[in-house]
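Here's a walk through a two-chain model, going from one chain to the other and then to where they meet. Keep the viewer open while you read.

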Amino acid sequence: MALRISSARYALLGLGALYLLLAMPATRTWLEATMSTHMLVQIPLLAAIGFIAGRLLPQRCQESLHTAAGGALPYVVLAVFTSSYWMLPRAMDAALSSMLIEMVKFISLPTLVGLPLALAWKRLSSIGRGFVWTNFISMLAVIGWLYIAAPVRVCNNYLVEQQSDTGWLMVILAVLLFACWLGTLFVGGDPALHRQAGDARA
Amino acid sequence: MKPRQRSIASALLVTLLGTGVLWQGTDGFRAFTAEGARRVDILRAPRALPAVVLEDQDGRAFRLQDYQNQLLAVDFIYTRCMTICRNMSRAFKQIRDRVPQQMLGRDFSLLSISIDMDRDDVASLNAYASIYGADSTNWRIARVSSKADLKSLLEAFGIVVIPDGLGGFEHNAAIHLLGRAGKLVQISDIDQPIAFADGISAWL
């Protein structure tokens, strides 16, 4: 038990350090220099920090947050809205030109995307999880495709070429995620399915 | 409240708030990009422009304010640009050829402003003008006289210029319309020059 508490503490320290590292001006400049690292590294990392921090919250705390909202649904909706907002090219431009919006980005991605997803995830049925996955994967693919096809830059701060690079990365990522997700559905996961498959073979 | 009711109620609340934020953040689902936001903003509140001194393809100095009492179409280019500036200049040529000749230079003029202060001198502006037959009486190809002036002009127009890493630039491509009071009143796409020219004729 003591071991688990201290390992959670170390994990929290690690998360805090990662967060501070991401917030440092040099790191921000570096990750925001290209569209793909901004969208596909910095933003996901910020959300992931919130997600892992949510997992590390004391069980009691998670329970009471759950009870307060009445279930997983509100948290999923919150994460979907917040992540949609940060997919707006306009919001990304605003974060680059205004320190205030940049701060809002750094606060909202962990607390309003990652954390609520972590709170909801344990309580979601496999259908609920499937919905979140497919919604995310299809959004990634569609926006990626738009970025590849757009003849003009959608972000004032990034070149059209970077934009189509990002688009390709997003489409590739969507395909990979979809493959992984399908993989867990059919290969890993459900022990009941495994047993049935074993029975059939026998 | 039962958990299920509470869950639905809070999900609805989040949906309402979320939609509100997205509505606010996109000017009512009209502007998803910073460029779109700039256009919506101009329509809502026409913008005054700084009185910077420009120099045209014939080396003559002038200001934007000299065009008050007529309509002025403005775009931003640089003469070594091989891609989008060329499209814009072709569009400007089409507009010039479409607008009734007697209006040109009197009720309506065109102006292309270079964003490449370092390399675009009067000679290169002149060479660029001759490609499109731009006559300085109705279509000036101009440069700004100082870096500070260029910066304030680009800021007022809302143009963001970034180097493309190959010695060129990428920047907002659009047709900017200045009204008779000298304010920026409308920003349109460059791919419909004929519609723009017909709009001008109707406006006059």
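## Chain A: confidence and layout

This is a predicted model, so let's start with confidence: chain A has a mean pLDDT of 89, with 90% of its residues at 70 or more. The weak spot is residues 193–202 of chain A, where the pLDDT is below 50. Beyond near neighbours in sequence, that stretch makes 0 contacts in the model.

As for secondary structure, chain A has 10 helices and 0 strands. Read from the N terminus, its elements go α-α-α-α-α-α-α-α-α-α. Along the principal axes, the C-alpha atoms of chain A fill a box of roughly 60 × 45 × 30 Å. Of the 202 residues in chain A, 28% count as buried. Look at contacts in chain A between residues at least 6 apart in sequence, and 75% of them join residues at least 24 apart.

## A closer look at A:Val171

Pick out A:Val171, which sits in helix α9 (residues 160–186) of chain A. Is A:Val171 buried or exposed? Neither, quite: A:Val171 counts as partly exposed because 18 other C-beta atoms lie within 10 Å, while a buried residue needs 20 or more.

Once you leave aside neighbours within four places in sequence, A:Val171 is in contact with A:Ala141, A:Gly144 and A:Trp145. For a longer ruler, try A:Ala47: it is 124 residues from A:Val171 along the chain, and their C-alpha atoms are separated by 20 Å.

## Chain B: strand β3 and its partners

Over in chain B, strand β3 (residues 71–77) is mostly covered, with 7 of its 7 residues buried. Both faces are covered. On one side you'll find B:Leu71, B:Ala73, B:Asp75 and B:Ile77, and on the other B:Leu72, B:Val74 and B:Phe76.

Which strands pair with β3(B)? One is strand β4 (residues 108–114) of chain B, which pairs with β3(B) in the parallel sense over 7 bridges; here B:Phe76 stands opposite B:Ile113. Helix α3 (residues 84–98) of chain B belongs to this part of the picture too, since β3(B), α3 and β4(B) make a right-handed β-α-β unit. Another partner is β8(B), which pairs with β3(B) in the antiparallel sense over 3 bridges. In that pairing, B:Ala73 stands opposite B:Leu177, and B:Leu72 stands opposite B:Leu178.

## Strand β8 and the hairpin

Strand β8 (residues 175–178) of chain B is buried on both sides: B:Ile175 and B:Leu177 point one way, B:His176 and B:Leu178 the other, and all are buried.

β8(B) also pairs with strand β9 (residues 184–188) of chain B, in the antiparallel sense over 4 bridges. B:Leu177 turns up again here, standing opposite B:Gln186 in β9(B). The hairpin of β8(B) and β9(B) has 5 residues between the strands, and in it B:Gly182 takes a positive phi near 85 degrees.

## Two nonpolar cores

In soluble globular proteins, nonpolar side chains tend to be buried together. Which residues touch the most other members of the largest nonpolar core here? Out of 42 residues, they are B:Ala73, B:Phe92, B:Ile95, B:Ile113 and B:Leu178. β3(B) supplies the largest share of this core, 6 residues. Apart from this core lies another, of 33 residues, among them A:Val77, A:Leu78, A:Tyr85 and A:Leu119.

B:Ala73 is a handy place to centre the view. Leaving aside neighbours within four places in sequence, B:Ala73 is in contact with B:Phe92, B:Ile95, B:Leu110, B:Ile175 and B:Leu177.

## Where the chains meet

How many residues does each chain bring to the contact? Chain B gives 25 and chain A gives 22. On the side of chain B that touches chain A, the elements giving two or more residues are α1 (3–25) and α2 (34–44) of chain B. α1(B) gives the most, with 12 residues.

By class, that side of chain B has 12 nonpolar, 8 polar and 5 charged residues.

Technical notes
Residues are numbered from 1 along each chain as its sequence is written. Chains are lettered from A and ligands numbered from 1 in the order in which they are written. This is a predicted model: local features need pLDDT of at least 70, side-chain atom pairs count only at pLDDT 80 or more; totals for chains, interfaces and linings use all residues. Two residues are in contact if their C-beta atoms, placed from the backbone, lie within 7 Å. Ala, Val, Leu, Ile, Met, Phe, Trp, Tyr, Cys and Pro count as nonpolar, Asp, Glu, Lys and Arg as charged, and the others, Gly among them, as polar. A residue is buried if 20 or more other C-beta atoms lie within 10 Å of its own, exposed if 12 or fewer, and partly exposed in between; C-beta atoms are placed from the backbone. Two strands pair if DSSP finds at least two bridges between them. A nonpolar core is a set of buried Ala, Val, Leu, Ile, Met, Phe, Trp, Tyr and Cys residues joined through C-beta atoms within 7 Å. pLDDT is the predictor's confidence in each residue, from 0 to 100. A crossover is right-handed if, with the strands pointing away from the viewer, the path from the first strand over the helix to the second runs clockwise.
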